[in-house]
Amino acid sequence: MFLAGNSFGKEFVITLFGESHGKCVGVIVDGCPAGLEFSEIEVQHDLDRRIPREPGISSSRIEEDKAELLSGTFQGRTTGAPIAMIVRNTNVDSQPYERFKDIPRPGHADYPARVRYGGFNDYRGGGRFTGRMTVAFVMAGAVAKKLLAHTGIEVLADTLSIENVYSRTNLTREELRAQVYTTPVRCGDREAAPLIQKAILEAAEAGDSVGGIVRAVAYGIPPGIGEPLFDSLDSELAKALFSIPAVKGVEFGSGFEAARSRGSQNNDPPTIRGGKVQFETNNAGGILGGLSTGSEIVVQVAFKPTPSIRRKQRSVNLASMKETELELGGRHDPCVVPKAVPVVEAVVSIVLADFMIRYGAIPKALK
Ligand SMILES: Cc1cc2nc3c(=O)[nH]c(=O)nc-3n(C[C@H](O)[C@H](O)[C@H](O)COP(=O)(O)O)c2cc1C
């Protein structure tokens, strides 16, 4: 069946709707077990973490992003019915997009979207091809994280790098939990955070943008979760993570570095500790053969630099079929990475919640 690509999941199914400059952005979460304590407060908490409020780090389009929980809960708990959540778009300025509706913005989906939808797509703010859709991921992720907490699973994400500035790779679970959101750039390494912030502000100052890497670590996954081949844990995670706008690479554990190392360096020797199998190292990123090993799942997600920049760029006019130049107005993030940190955390949680429900590790009704 062709489902137009708006839904993800097998048991915990999310369907995203809305556009950047339409009335709202929203999500329907179907398949959430009944009895989960859940309210707008939890959704709001996660939405508030999506936007760094410090000047210069985020687009000047600051939305209030007030969550509205429309259905699927009763007396503070999920009922097992679809959970619908929206955030209304309130701070919308579509004027700049009228001037450029025939001029595709470099790095954006304007041209292929116009071809795909025969020109009927809402082009304002990128329409459906917009970072604003990540609001919906975060709202669904709030449900998923709450479910995972029931099984002792916790997903934590942070900014690993911006341009060539890297955070420490060995941050502990406690450091990730306590420190990431104390910095505007969502980096848990207190020494690297100001350097990362400087790199973003310098690019913005130059009318340019920068990319970077978000890392996510999932703690507490039991071994043996996953399927072979097409539904492997890593395929499902990669598919969902590639649905986030601006994602250009996903690697697990040592990732591309594995291609440059030898088997003797890359293999993770199993050991027995306290009567249990544990791996000495985790180059596999917690997944072998598409199945969880019981080690932490470690995934790195590469984001390209924000396509909308202040500098003059070359493009074409699709009405006159002539080459032209464009200088974008509008309001844009000089780097999408800080905003993307809670989004990656949400998406990894959504995929893991789906797997845990499939395996019966989360019952259909919670006590
Ligand atoms: C959280 C987030 C915020 C974003 N903000 C902007 C933005 O302000 N300006 C912009 O041009 N692109 C922004 N993007 C990226 C574009 O939405 C994305 O590059 C575009 O839709 C094309 O899709 P692609 O890069 O996946 O090919 C953002 C992406 C994310 C994840």
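Lysine 339 is a good place to start: with a relative accessibility of 14%, this residue counts as buried. Its salt-bridge partner is aspartate 333, and the closest N and O of the two side chains are 3.1 Å apart. Please keep in mind that this is a predicted model. Across the whole structure, a search turns up 25 salt bridges and zero disulfides. The points below walk through some of these pairs and then turn to the cysteines.

**A buried pair to begin with**

- Aspartate 333 counts as buried too, at 14% relative accessibility.
- Side chains of opposite charge can pair when their charged atoms come close.

**Arginine 132 and aspartate 65**

- A salt bridge joins arginine 132 to aspartate 65, with 2.7 Å between the closest N and O atoms.
- Arginine 132 sits in the loop between α3 (110–116) and α4 (134–149), while aspartate 65 sits in the loop between α1 and β4 (67–71), so this salt bridge ties together parts that are 67 residues apart in sequence.
- Both arginine 132 and aspartate 65 are buried.

**Arginine 77 and glutamate 37**

- Arginine 77 and glutamate 37 also form a salt bridge through their side chains, at 3.4 Å from N to O.
- Because arginine 77 belongs to strand β6 (residues 77–78) and glutamate 37 to the loop between β3 (24–30) and α1 (40–50), the pair links parts that are 40 residues apart in sequence.
- Arginine 77 is partly exposed, its relative accessible area being 33%.
- Glutamate 37 is likewise partly exposed, at 46% relative accessibility.

**A network of charges**

- Salt bridges can also join up into a network, as they do for Lys10, Asp231, Glu236, Asp354 and Arg358.

**The cysteines**

- A disulfide is a covalent bond between the sulfur atoms of two cysteines.
- For cysteine 187, the closest cysteine sulfur belongs to cysteine 335 and lies 12 Å away, which is too far for a bond; the cut-off for a disulfide is 2.5 Å between the sulfur atoms.
- Cysteine 187 is buried, with a relative accessibility of 0%.
- Cysteine 24 counts as buried as well, at 16% relative accessibility.

Definitions and conventions:
Residues are numbered from 1 along each chain as its sequence is written. This is a predicted model: local features need pLDDT of at least 70, side-chain atom pairs count only at pLDDT 80 or more; totals for chains, interfaces and linings use all residues. Side-chain values use heavy atoms; hydrogens and water are left out. Buried means under 20% relative accessible area, exposed over 50%, partly exposed in between (1.4 Å probe, protein chains only). A salt bridge is a side-chain nitrogen of Lys or Arg within 4 Å of a carboxyl oxygen of Asp or Glu. Helices (H or I, at least four residues) and strands (E, at least two) are DSSP runs, numbered from the N terminus.
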